[in-house]
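Student: Could you take me on a close look at one part of this structure and tell me how that part fits in with its surroundings? I would love one connected walk-through.

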Amino acid sequence: MVPLILVFVVVAIWVVVAYNGLIALKNQTVNAWKQIDVQLKRRHDLIPNLVSTVKGSMEFEKETLQAVVDARSKAMAGGGGVKDTAAAEGALSGALGKLFVVMEQYPDLKSSQNVRDLQEELSSTENKIAFARQLYNDVATSYNTKQQQFPTNLVAGLAKAQVAELWEIEDQAERAVPQVDLSLKPKPQA
Amino acid sequence: MSAAPNLFAQQAKNRRQTAAWIAFFVLFFAWLGFGGDAALYLGSIDADGQAHYTVPWMGIVVTVIASLVAWNSWSRGPKRVLWSTGAVELTTPRSLEEKQLLNVVEEMAIAAGIPRPKVYLVNDPDPNAFATGHGPETASIAVTSGLVQALNREELQAVVGHEMAHIRNLDVRLMTMIAALVGVIVVLSDGMGRMLRGGGGRGVGALLGGRGKKSGGGALMLVILALWLVTLLLAPLISRLMAMAISRNREYLADATGVQLTRNPAALAAALQKIEASETPTTSIKGGAAHLCIADPLGRSANLKEGRLADLFGTHPPMAKRITILRGMAYQQAKTAGLEA
């Protein structure tokens, strides 16, 4: 009788621990997704500023600017799904990257303090999105692994665990974009 | 994708080690205090087998003083370190570089999944950086103005990533605790040594002189007394060496964890090379904060060379070895990226 009770207690403790572990991971995943959301909103807010600042000097680049504006409104209208958001935001990243490359050709834009501040702000937001995505993917992967692994998968149903979708970079073009060094200083000689 | 479990494993390890260190120091203080009492007790046994020294005053006093001093330097340590370097908190950036620094710290905090630490600037032309605090919620990162000048954005990000790794892995908590405990040992053994040489010398003499009158615990007392004196003399050195060993191990780990955050080992290698290239010591960072920095602020040669001496006395592993490891990671990364594309 005593061993039976002991086995029961051990199993009960394990169920509680496994369940709580899954719930913790689930909440971490949700929280990591919210982090991405915050940064995406920030980027959406910054873009109108940038567009209005550079519009006057970039009369000949109407299409590049329009592409950014269009991509932004598409990204803002997008549904809540991971895949849709990833695709729309990826397109916006691509359009912004093109704009930055074009801006390099306008010396008066490059020397403007206002534009440089905006550019630093935007490229930092780009990085924040990338790092938030990295964290989300890491956390979501450990959540997915945990709920599929034996024996934790036995309590996955109890914890209402569902496989979290990863934020994958679909656009081949975006994948190919090299990391641009936006530091404003010349590299020291020594 | 294996990044997250590794991070948590390191956190758990540091938690255990912090607890182990506290336990070790408690035992050590107990020996320092009550060991002396034991010698006094055995020494005070007279011919009739009657002990005159019965209350372990030394142990009680040492325990009280040690815990007060340790608590004080634990809770005020991080602030004192920042104060001693003349660091100024950066809240409103005045230049693009400062804005960039704040942005980079925020980016790395997001990558590590912790709240953004406070950012401090140290006015010193030598590039260096350190992190301090009690945990991720109260941590601070300080960088010298020389670092902001010398590094480009990617390299700055790599260095901040290294410091963020120290915070996230709870290295800062462990190092603050060790600094507090080692400080107490140095203060206590110094104070007790002085007592022995001064007025206490007579006490020891009386103990040794009184030995002739009776037998009893004489031999045992001598052994305890000798052991006790040896510990007292060696304690500061041993505890410092242990702290250095812990600090050295943490640097490799912080390099690796930092790279897990930035996914850019080449940038950290480049940053370390630039930091090493400026040989001038970081004058504003004193010895007390040396073990917290990304590179030894004293520019000690022990950290530059391989060998036993470097393994014993450096607070940091040899720079060349760190850079080589990072280059290897960069090569691996380039290779796997090439395979995927």
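**A close look at strand β4 of chain B**

Tutor: Happily, and let us begin with the side chains. S140(B), A142(B) and T144(B) point one way from β4(B), while I141(B) and V143(B) point the other way, and all of them are buried. Please keep in mind that this is a predicted model. Because five of the five residues of β4(B) are buried, the strand is largely enclosed by the rest of the structure.

Now for the sheet around the strand. Chain B has four strands in an open sheet, and their order is β1-β2-β4-β3, with mixed pairing. At the edges are β1 (88–89) and β3 (129–132) of chain B, each of which pairs on one side only. As a general reminder, the strands of a sheet pair through backbone hydrogen bonds, in either the parallel or the antiparallel sense.

Here is one flank of our strand. Strand β2 (residues 118–122) of chain B pairs with strand β4 (residues 140–144) of chain B in the parallel sense, over five bridges. Within that pairing, Y120(B) has A142(B) as its bridge partner in β4(B), and V122(B) stands opposite T144(B). Y120(B) also leads us on to the next strand, since E89(B) stands opposite Y120(B) in β2(B). That second pairing, between β1(B) and β2(B), is antiparallel and has two bridges.

Over on the other flank, β3(B) and β4(B) run antiparallel and are joined by four bridges. Here A131(B) stands opposite I141(B) of β4(B).

I141(B) deserves a longer stop. Leaving aside neighbours within four places in sequence, I141(B) is in contact with V105(B), P117(B), V119(B), Y120(B), A129(B), A131(B), V160(B) and E163(B). So which residues have the most contacts inside the largest nonpolar core? They are Y136(A), M108(B), A129(B), I141(B), A142(B), V159(B) and A271(B), in a core of 90 residues. Two of these names, I141(B) and A142(B), belong to our strand, and they point opposite ways from β4(B). The greatest contribution to this core comes from helix α6 (residues 171–197) of chain B, which gives twelve residues. The core also draws at least three residues from each of domain 1 (3–82 + 174–235) and domain 2 (87–172 + 245–340) of chain B. Another core lies apart from this one; it has 13 residues, including I47(A), A75(A), A95(A) and L122(A). In general terms, nonpolar side chains tend to be buried together in soluble globular proteins.

Finally, let us step back to the chains. Chain B has eleven helices and four strands, and 43% of its 341 residues count as buried. Among contacts in chain B with a separation of 6 or more, 71% are between residues 24 or more positions apart. Chain A has seven helices and zero strands, and 27% of its 190 residues count as buried. For chain A, residues 24 or more positions apart account for 78% of the contacts with a separation of 6 or more.

To bring it back to where we started: β4(B) pairs with β2(B) in the parallel sense, runs antiparallel to β3(B), and has five of its five residues buried.

Notes: Residues numbered from 1 in each chain as written. Chains lettered and ligands numbered in written order. Predicted model: local features only at pLDDT ≥ 70, side-chain atom pairs only at ≥ 80, totals over all residues. Pairing = 2+ DSSP bridges. Core = buried A, V, L, I, M, F, W, Y, C linked by C-beta atoms within 7 Å. Buried ≥ 20, exposed ≤ 12 C-beta atoms within 10 Å, placed from the backbone. Domains from an automatic or database assignment. Contact = placed C-beta atoms within 7 Å.
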